[in-house]
Amino acid sequence: PRRLLIITAAAFGTLYFLDLRRILPTGVGVHWVSAIWMSLGIDFSRGIVYRPLVSDVGFGGTRYFPLWFVVHGTLLRLGLSPVTAGYLICLTSVAALVIGAARLMGEVGVPRSIGWPLAVLTLCSIAGVHAATTIRGDILPAALNMWGVVLALRLFANGRVRAMALPALLFVAAIVAKI
């Protein structure tokens, strides 16, 4: 079973990266949902946190909390293009989620030879593929939550229950990234 798990994770991981290699340069994964997220980042880069519902410049309003588009807008101010900045956030979040999943499994005693393949397979769904091939704010809060759990578990296991400020901050950041 361990060998089958490793082969499955390697096959999926290979296909995942081949898919990224095909999709990212062409921008084929960028669609109207991505445009909404990028528009919020572009607005922030211009000093607008939430555009009014109706104004002379068009329609606005959103149900999304600001962390993702604040990061996106900040990257735009640093000179990145909207698509590059969006993919950077999403791919970094995907990597953080997979590494966090592997660390979480290590914290609960799962051997690395099983934990890492299982961590790769956390992306083995349509949502996992879309997390890296589209520009949207879904994967950042998942990664923040994962690391909040990892750190909370580590602190709890070490008897440092009173030191939960960092995990709590990560959970709050996940909420502020997307409701």
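Q: Why are Phe-12 and Tyr-16 separated by about one helical turn?
A: In this predicted model, Phe-12 and Tyr-16 sit 4 residues apart in helix H1, so about one helical turn lies between them. An α-helix has 3.6 residues a turn, so residues three or four places apart point the same way.

Q: What makes the aromatic pair of Phe-12 and Tyr-16 tilted?
A: Their planes make an angle of 45°, and tilted covers whatever is neither under 30 degrees nor over 60. The centres are 5.6 Å apart, which is within the 6.5 Å needed for a pair.

Q: Why is the pair of Tyr-16 and Phe-17 called edge-to-face?
A: Here the planes stand at 85°, with the ring centres 6.1 Å apart. Over 60 degrees counts as edge-to-face, so that's the label this pair gets. Ring pairs tie Phe-12, Tyr-16 and Phe-17 together as a cluster.

Q: How do you know whether Tyr-16 is buried or exposed?
A: Check its relative accessibility: 6%. Buried means under 20%, so Tyr-16 counts as buried.

Q: And what about Phe-17, buried or exposed?
A: Phe-17 has a relative accessible area of 56%. The cut-off for exposed is over 50%, so Phe-17 is exposed.

Q: Why are H4 and H7 described as they are, parallel or antiparallel?
A: Their axes cross at roughly 25° and come within 8 Å. Angles under 35 degrees count as roughly parallel, so H4 and H7 are roughly parallel to each other. The crossing is left-handed, and the residues in contact split into 16 nonpolar, 2 polar and 3 charged.

Notes. Residues numbered from 1 in each chain as written. Predicted model: local features only at pLDDT ≥ 70, side-chain atom pairs only at ≥ 80, totals over all residues. Heavy atoms only, no water. Axes fitted to C-alpha atoms, helices over the stretch in contact; angles between N-to-C directions. Helix = DSSP H or I, 4+ residues; strand = E, 2+ residues; numbered from the N terminus. Parallel < 35°, antiparallel > 145°, perpendicular 65-115°, else oblique. Left-handed = near helix turned anticlockwise from the far one by under 90°. Nonpolar A, V, L, I, M, F, W, Y, C, P; charged D, E, K, R; others polar. Phe/Tyr/Trp six-rings, centres within 6.5 Å; stacked < 30°, edge-to-face > 60°. Buried < 20%, exposed > 50% of the residue type's maximum accessible area, 1.4 Å probe, protein only.
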